[in-house]
Amino acid sequence: MKVCKFGGTSLADADHFNQIIKIITADPERTAVVVSAPGCRFSGDPKVTDLLATYAQLVLQQQDYQQVLAKIIARYQAIAQPLGVAELAMPFIKQCLTQLPQKTFKNQAYLIAAFTAHGEYLNAYLLSQILIHQGLPTKFMDPRQVGITVSNDPGDAHILPETYKHLAPYRESSDYLVFPGFFGITPNGEIATFSRGGSDITGSIVANGLHASVYENFTDVNAIYAVDPHIISHPQSIKVMTYREMRELSYAGFSVFHDEALLPAIAAGVPINVKNTNHPERPGTMIVPEKNFHPAGLVTGVASSKGFSALYLHRYLLNKEVGFTLKLLHILYKYDISYEHMPSGIDDLTIIFDNQHLTTTKRTQITKEVQALLHPDQLQWINNYAIIMIVGEGMQLSPTTIEKIVHPLTEHDINIQMINQGASKISIMLGTNEADAEQAVKLIYQYFFDNNRIV
Ligand SMILES: Nc1ncnc2c1ncn2[C@@H]1O[C@H](COP(=O)(O)OP(=O)(O)O)[C@@H](O)[C@H]1O
Ligand SMILES: N[C@@H](CC(=O)OP(=O)(O)O)C(=O)O
């Protein structure tokens, strides 16, 4: 059995629905399907998930939501009508969407989760109706009935292990199984979503639970490229990469695949194949376990991510002071703040935070407490911080990679604020100003990949 996940752009309109049905029916192994909500049809077109988020906000602010509700219904209508299922599917879709404001939710975060999850929920329902209409035996895999069970974190849920037991009975199914991506049901019966882009996570969970031979992730690009195509046009494709290379690159900005979507597939040893919905005949990128992997070059990919802040602390003899880091971590724990990285030297320590987890109030609280408890000689916040991740299994074999990375940057006067060579030896992380990040990525990419030069 193969699990196919289709992203929002692959489900944006009726033509794309026809295309994905061709893909599903072209291979008898493709029986499990995971769908996102309808995505952008053209540049500037809102994703249904974003329309649903606006709908939720208008309801919370007790403002008129009729216009956005009509837009959401119209997106489903525009798919259902040409595919001949408007009469069959639209009454349920309209009813679900219209009744959302009358439902009661534990708190605002659960309301937002339930509204946004309906993008996937109704799209999976719609695809099921279309497949049934075309005479294909199909089950709509409603997460509530199937038992896709997630933690009590409404917008950032994690899968609970019982889900895999609940999926097991469907392994032998010969029907098409259509799952909505992006959300599950908490033990208390509330809807909770994964973080944005989280339908990739559902695909991986389903691939694990159904013991799939492969997890095919269909999107709108031919492959995972060695660099974000928004930074370099027509970059080199990656043919094969390892799970851990992908994990590091998706964490640092390769938005094509959610960084939390690797774990379930890894746990079950399911290879992932990222493919283009519009060119399914192309091989795409295979993401595989480390064993038996032979790197094609030193570096597999270069990613960058903005939106970080760094707290720099200097204290003479920091290395000799027992408990300094412990006290610091205790302060972060007290204010419920996670950190991303913590490189340190003999007298210095830098902690890098993702701005999404750091409110202005929390920042003020930590600053005061660090000053009061740790008495640093110097404390400085570095704003507009970006990280750049250079990743490659091949880097383990060469002691000179760091020199090759740093050289083009120093030649172009790019100030590197931090260098962190991961314990895994397959990645090197740099910290720069946000303003320099894109240029740095371009220079590193050009050095390692341009003119088909694989170093
Ligand atoms: N290294 C990369 N390789 C391929 N695509 C990338 C990369 N980095 C960012 N992207 C972007 O990811 C997009 C696909 O992800 P996404 O929009 O989430 O697709 P989907 O709607 O199919 O889930 C591509 O269109 C591309 O712009
Ligand atoms: N629709 C959700 C989940 C998702 O994964 O979407 P997509 O596959 O279009 O990235 C979102 O927009 O976040």
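The following legends describe close-up views of a predicted model and its two ligand sites.

In this predicted model, local features need pLDDT of at least 70, side-chain atom pairs count only at pLDDT 80 or more, and totals for chains, interfaces and linings use all residues. Residues are numbered from 1 along each chain as its sequence is written, chains are lettered from A and ligands numbered from 1 in the order in which they are written, and side-chain values use heavy atoms, with hydrogens and water left out.

**View 1. Thr49 and Glu120, listed by UniProt under "binding site".**
The listing comes from an unreviewed UniProt entry; its positions are given in the numbering used here, feature names are shortened, and annotations may be inferred rather than shown by experiment. The two residues span 72 residues in sequence, yet their C-alpha atoms are no more than 8.3 Å apart, so they gather at one spot. Thr49 belongs to helix H2 (residues 48-60), whereas Glu120 belongs to helix H5 (residues 108-133). Helices (H or I, at least four residues) and strands (E, at least two) are DSSP runs, numbered from the N terminus. Thr49 is buried at a relative accessible area of 6%, and Glu120 is likewise buried at 3%. Here buried means under 20% relative accessible area, exposed over 50%, and partly exposed in between (1.4 Å probe, protein chains only).

**View 2. Surroundings of Thr49 and Glu120 within the protein.**
Contact means heavy atoms within 4.5 Å. Beyond its neighbours within four places in sequence, Thr49 is in contact with Ala37, Thr116, Glu120, Phe182 and Arg196. With the same neighbours set aside, the contacts of Glu120 include Val35, Ser36, Ala37, Thr49 and Ser199. Pro180, Gly181, Phe182 and Phe183 are also among the contacts of Glu120. A polar atom of the Glu120 side chain lies 2.9 Å from the backbone nitrogen of Ala37. A polar contact is a pair of N or O atoms within 3.5 Å; within protein, one must be able to donate a hydrogen and the other to accept it, and residues adjacent in sequence count only if both atoms are side-chain atoms.

**View 3. The residues around ligand 2.**
A residue is counted around a ligand if one of its heavy atoms lies within 4 Å of it. Thr49 and Glu120 both belong to this shell, as do Lys5, Gly7, Gly8, Ser36 and Lys47. Phe182, Arg196, Gly197, Gly198 and Ser199 are also among the residues around ligand 2. Oxygen atoms of ligand 2 lie 3.0 Å from a polar backbone atom of Gly8, 2.9 Å from an N or O atom in the side chain of Lys47 and 3.0 Å from a polar backbone atom of Ser199. On its own, ligand 2 has 340 Å² of accessible area, of which the protein covers 89%. Accessible areas come from the Shrake-Rupley method with a 1.4 Å probe; for residues, only the protein chains shown count as cover. The shell consists of one nonpolar, seven polar and four charged residues. Ala, Val, Leu, Ile, Met, Phe, Trp, Tyr, Cys and Pro count as nonpolar, Asp, Glu, Lys and Arg as charged, and the others, Gly among them, as polar.

**View 4. The residues around ligand 1.**
Gly8, Thr219, Asp220, Tyr225 and His230 come nearest among the 18 residues around ligand 1. Oxygen atoms of ligand 1 lie 3.3 Å from a polar side-chain atom of Lys5, 2.7 Å from one of Thr219 and 2.8 Å from one of Asp220. The protein buries 84% of the 570 Å² that ligand 1 exposes when taken alone. By class, the shell has nine nonpolar, six polar and three charged residues. An unreviewed UniProt entry lists Lys5, Phe6, Gly7, Gly8, Thr219, Asp220 and Tyr225 under "binding site".

**View 5. Thr219, Asp220 and Ser10.**
Thr219 lies in strand S7 (residues 214-219) and is buried at 13% relative accessibility. Asp220 lies in the loop between S7 and strand S8 (240-242) and is partly exposed, at 42%. A polar contact of 3.3 Å joins their side chains. Ser10, in the loop between strand S1 (2-6) and helix H1 (14-26), is buried at 1% relative accessibility. Leaving aside residues up to four places away in sequence, Ser10 touches His16, Ile20, Phe218, Thr219 and Thr277. The side chains of Ser10 and Thr277 form a polar contact of 2.7 Å.
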